[in-house]
Amino acid sequence: MKRILWSISKLGLKIVRLIKRRISTLFWSIMINHQKGIRIDYNVRMMFPNNIVCGKNCIFGKGVRIYSEFSDSLLKIGDGVSINENCLIDFSGNVDIGDKTVVSRNAVIYSHSHGINPYNKPVKKELYIGKNVWIGSNALITENVSYIGSGAVVAAGAIVTKNVEEKTIVGGNPARLIKTI
C-alpha cells in the first residue's frame, strides 16, 4: 500500500512540475520575442523581456536569471540554445549567443563593469558567443571578455577574463588554453 501511495505522490509531483513549466513558458512566451519550440521552466526571472530575441527550440532551466542595468540593451539567443538551471546572464552591454550553444548549470555571464568602485556608473561591454559553444557548470565569464569563438569549450569552474578563440578548450582561474580542438 505504501508503494502505491508513494508512486501516486511522485506522479502528482511530476504533474505539478509540468503544469508550472507550461504556465511559465506561456507567460514568458508572451513577453519575449521568440520563435517556435521555446521551453521556459518555472522560477525564471527576466528583466526587460521585450529586449530579448530568442530563436527556435530554446530551453531555459529552473532559476535562470536574465537582467540588464540598461533598458535599451539587447540579448539575442540563437536556435537550439540551452541555458540550464540557475544561470545568470547580464545583457547590459548587449549579448549575442550563437546557435546550439549550451550554458551549463550555475554559469554566470557579465557584460558590464563598474570599474573598481561599485557606485560608478556601469559601462557597457558587448559580448559575442559563437555557435556550438559549451560553457561548463559554475563557469564565470567576466566583463573583459568580448568574444568566445564558435566551437569553444569553457571548462567547469573556469573564470574567463580574456577572449576565447574558436575551437579551443579553456579552463582554470584565470582560464588558460588547455587544448585546440
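**Exercise 1.** In this predicted model, work out which parts of the chain the salt bridge between R105 and E85 links.

*Solution.* Start with the contact itself: the side chains of R105 and E85 form a salt bridge, with N and O 2.9 Å apart. That fits the cut-off, which is within 4 Å. Now place each partner. R105 sits in the loop between β11 (102-103) and β12 (108-109), while E85 sits in the loop between β8 (82-83) and β9 (88-90). The two residues are 20 apart, so the pair links distant parts of the chain.

**Exercise 2.** Are R105 and E85 buried, partly exposed or exposed?

*Solution.* Partly exposed means a relative accessible area between 20% and 50%. R105 comes out at 44%, so R105 is partly exposed. E85 has 26%, so E85 is partly exposed too.

**Exercise 3.** Find what D72 pairs with in a salt bridge, and say what the pair ties together.

*Solution.* First, the partner: D72 pairs with K124, and their closest N and O atoms are 3.0 Å apart. Next, the location: D72 is in the loop between β6 (65-67) and β7 (75-77), whereas K124 belongs to strand β14 (residues 123-124), so the bridge ties together parts 52 residues apart in sequence. Last, the surroundings: D72 is exposed at 57% relative accessible area, and K124 is partly exposed at 35%. The count of salt bridges is two.

**Exercise 4.** Give the strand order in the six-stranded open sheet, and name its edges.

*Solution.* Reading across, the order is β3-β6-β9-β12-β17-β20, with parallel pairing. The edges are β3 (45-46) and β20 (159-160), since each pairs on one side only. Inside the order, β9 and β12 are joined by two bridges, and I89 stands opposite I109 in β12.

Notes: Residues are numbered from 1 along each chain as its sequence is written. This is a predicted model: local features need pLDDT of at least 70, side-chain atom pairs count only at pLDDT 80 or more; totals for chains, interfaces and linings use all residues. Side-chain values use heavy atoms; hydrogens and water are left out. Helices (H or I, at least four residues) and strands (E, at least two) are DSSP runs, numbered from the N terminus. Buried means under 20% relative accessible area, exposed over 50%, partly exposed in between (1.4 Å probe, protein chains only). Two strands pair if DSSP finds at least two bridges between them.
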